[in-house]
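Let's take a walk through a protein fold together. Keep the structure open beside you and look up each part as we reach it.

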Amino acid sequence: MSKRKKRKIINSIGKFIAVIGIITLLIFCINLFRLNLLPIKYIIILLGILLFIYFIMYIFILGKKIKIPIKIFANIIILIFSLFFILGNTYLDRTISFFDRINDNLSQSEEYYLMILKDAKYNKIEELGGEKIGFYKNESTHNVKEAVETLGKKIYFEERDYDDIQNLFEAIREKEVKAILINASIKNIMNEDYSYMISTLKEIGTINVPIKNNDIVKIVDVTNRPFNIYLIGSDSYGDITKTSNGDVNMIFTINPKTNQILLTSIPRDYYVELYNTNGGMDKLTHASYYGIETAVKTVETLLETDINYYARVNFSTVVKIVDLIGGIEVNSDYSFCDSGRVGCYKKGYNKLNGEQALAFARERKSFNGGDRVRGQNQQKVIKAIIDKVTSSTALISKYSDILSAIEKSFQTNLDDESITKLVKLKPNKMPSWEIINQSLDGSDSSAYTYSYPKKQLYVMKPNEETIIEAQNKIKEILNAN
């Protein structure tokens, strides 16, 4: 092949690669604008630099007096840039999609389980047509009517309502009813206090009831004004839209002016007045079962502060994130083995995978301090995740996997604009954030609750001094300049 023909082929290939490079570059910059994670001036500077490089490479490709090796080198450079932008666009598209989904779907639903005796002959819901089905009903079971009506659209059955859980269990055991319809909260009570009963039952179907939530966001400029985020950790796996008990209740008080983050832990069994129940007293963990609004308003009253935003995670979130980031290191104050037999932990630093991190954060029976120590350990796990995510550049390769993993197990009413502002908030000062911990305390007790008024459950009676201290500390961080 003649030198002239070879040059002509290289020029043609170069033109094609240059066009592809410009297209991928422009799409990349458009996506950067859409995502709004970088200040516009930086995007403009980046675009200018890259266009200048492209211009120089294009001159090398088309220049008549440029040697062939240099032309080939210019083609390779533009090709590498194009591949980089194609990969970058994949990450950006994935991020934009993630933000859209977590903000667009703030719905919740309550799941009800249709349970029968293990030795019953039924195998599917339709076979219960015409039979008697029992359910727990009192003033706290707001959605049971909708659940019964939904079941009634599938089969005809005779309703039997009971205002006491024990009587409901006795009814199916004595075969007064063929099945019982219970929500996940009652199922948890069965696991904890009626284990002998749950072992005789099996699930034959589920009913989902949508819960209406009011928009309770209190928007602030997160780059200039302090704000509170309420983190609710649900005691469930899978779909985050399902209601469940609030196993973790933690307030993040963030002051962007002083670079301070205050973590305030509230024990799950804290005995508090539930919002909109006319003085109904219950465990804080049960507040989440009546919707996000009830949980948020209850905590606002308790701590005498506004909750600007909330975020919900569940067991799946913790396990997936920790595993994807390669585990975390947590400094334990005690040596212990968790009750779920997932693992044992030594006093000092422990390298934990996802399941171990979850078990470490949930354990309370191994400690004299019970829920108090659990709250402290939850803070340790959260801090370890933050430290790992913000310090490891190696996690970039797993970025898309992390978003995919938590998409269905994470929910927040923090808007896109505020999220991007937080990401852009003094990134060079990220290691200098001061994280402060505090926990509310109380005394072990038993009491009747709004959710289960005819059975005494374990509760933690609040220590008013720790509540006042927490209120004052939150105000201090919010008002600091």
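Between which two strands does the loop that holds asparagine 278 lie? Asparagine 278 sits in the loop between strand S9 (271-273) and strand S10 (281-283). Before we go on, remember that this is a predicted model. Asparagine 278 is a nice place to begin, since its phi is positive, about 55°, although it is not a glycine. Here is the background: most residues other than glycine have a negative phi. Asparagine 278 is also exposed, with a relative accessible area of 85%.

You can find another positive phi at glutamate 304, again a residue other than glycine, with a value near 55°. Glutamate 304 is in the loop between H9 and strand S11 (309-314), and it comes just after H9.

That brings us to helix H9 itself, which covers residues 292-303 and has 12 residues. From its first C-alpha to its last, H9 reaches 17 Å, close to the 16 Å expected at 1.5 Å a residue. Is H9 mostly enclosed or mostly open? Since 10 of its 12 residues are buried, H9 is largely enclosed by the rest of the structure. The buried residues include Ile292, Ala295, Val296, Val299, Leu302 and Leu303. Two glutamates, Glu293 and Glu300, are on the buried list too.

Now hop over to strand S4 (residues 179-183). How many of its residues are buried? The count is 5 of 5, so this strand is mostly covered, because buried here means under 20% relative accessible area. Ala179, Leu181 and Asn183 point one way from S4, while Ile180 and Ile182 point the other way. Buried residues therefore sit on both sides of S4, given that same cut-off of under 20%.

Which strands pair with S4? Strand S1 (residues 108-117) runs antiparallel to S4, and 4 bridges join the two. One spot to look for is tyrosine 112, whose bridge partner in S4 is asparagine 183. Strand S2 (residues 132-136) pairs with S4 in the parallel sense, over 3 bridges. There, glycine 134 stands opposite isoleucine 180 of S4.

Next, let's turn to charged side chains. A search of the whole structure finds 13 salt bridges. One of them joins glutamate 170 to arginine 173, with the closest N and O atoms 2.8 Å apart. Both residues lie in helix H5 (residues 165-173), 3 residues apart, which is about one turn of the helix. Why does that spacing suit a pair? An α-helix has 3.6 residues a turn, so residues three or four places apart point the same way. As for their surroundings, glutamate 170 is partly exposed, at 22% relative accessible area, and arginine 173 is partly exposed as well, at 41%.

Other salt bridges reach across the sequence. Take arginine 362 and aspartate 247, whose closest N and O atoms are 3.4 Å apart. Arginine 362 lies in helix H11 (residues 354-362) and aspartate 247 in strand S7 (residues 246-255), so this pair ties together parts that are 115 residues apart in sequence. Arginine 362 is partly exposed, at 35% relative accessibility, whereas aspartate 247 is buried, at 4%.

Aspartate 247 has another partner: its side chain also meets that of arginine 374 in a salt bridge, at 3.8 Å from N to O. Once more distant parts of the chain are linked, since arginine 374 is in helix H12 (residues 371-391), 127 residues from aspartate 247. In this pair, both arginine 374 and aspartate 247 are buried. Through shared partners, salt bridges join Asp247, Arg268, Asp269, Lys283, Arg362, Arg364 and Arg374 into one network.

Our last stop is an empty space. Rolling a probe the size of a water molecule over the atoms shows where empty space is left. The count comes to 4 cavities of 30 Å³ or more, and the second largest has a volume of about 80 Å³. Which residues line this second largest cavity? Among them are some you have just met, Asp247, Arg268 and Arg374, along with Ser265, Gln378 and Leu440. H12 gives the largest share of the lining, 5 residues. By class, the lining has 3 nonpolar, 4 polar and 5 charged residues.

Note on methods:
Residues are numbered from 1 along each chain as its sequence is written. This is a predicted model: local features need pLDDT of at least 70, side-chain atom pairs count only at pLDDT 80 or more; totals for chains, interfaces and linings use all residues. Side-chain values use heavy atoms; hydrogens and water are left out. A salt bridge is a side-chain nitrogen of Lys or Arg within 4 Å of a carboxyl oxygen of Asp or Glu. Buried means under 20% relative accessible area, exposed over 50%, partly exposed in between (1.4 Å probe, protein chains only). On a 1 Å grid over the protein atoms alone, a cavity is a set of points where a 1.4 Å probe fits but cannot get out, and a pocket is an open set with protein on both sides within 12 Å along at least five of seven lines; lining residues have an atom within 4 Å of a point. Grid points are joined across faces, edges and corners, and a volume is the space filled by probe spheres set on the points. Ala, Val, Leu, Ile, Met, Phe, Trp, Tyr, Cys and Pro count as nonpolar, Asp, Glu, Lys and Arg as charged, and the others, Gly among them, as polar. The expected span of a helix is 1.5 Å times one less than its number of residues. Two strands pair if DSSP finds at least two bridges between them.
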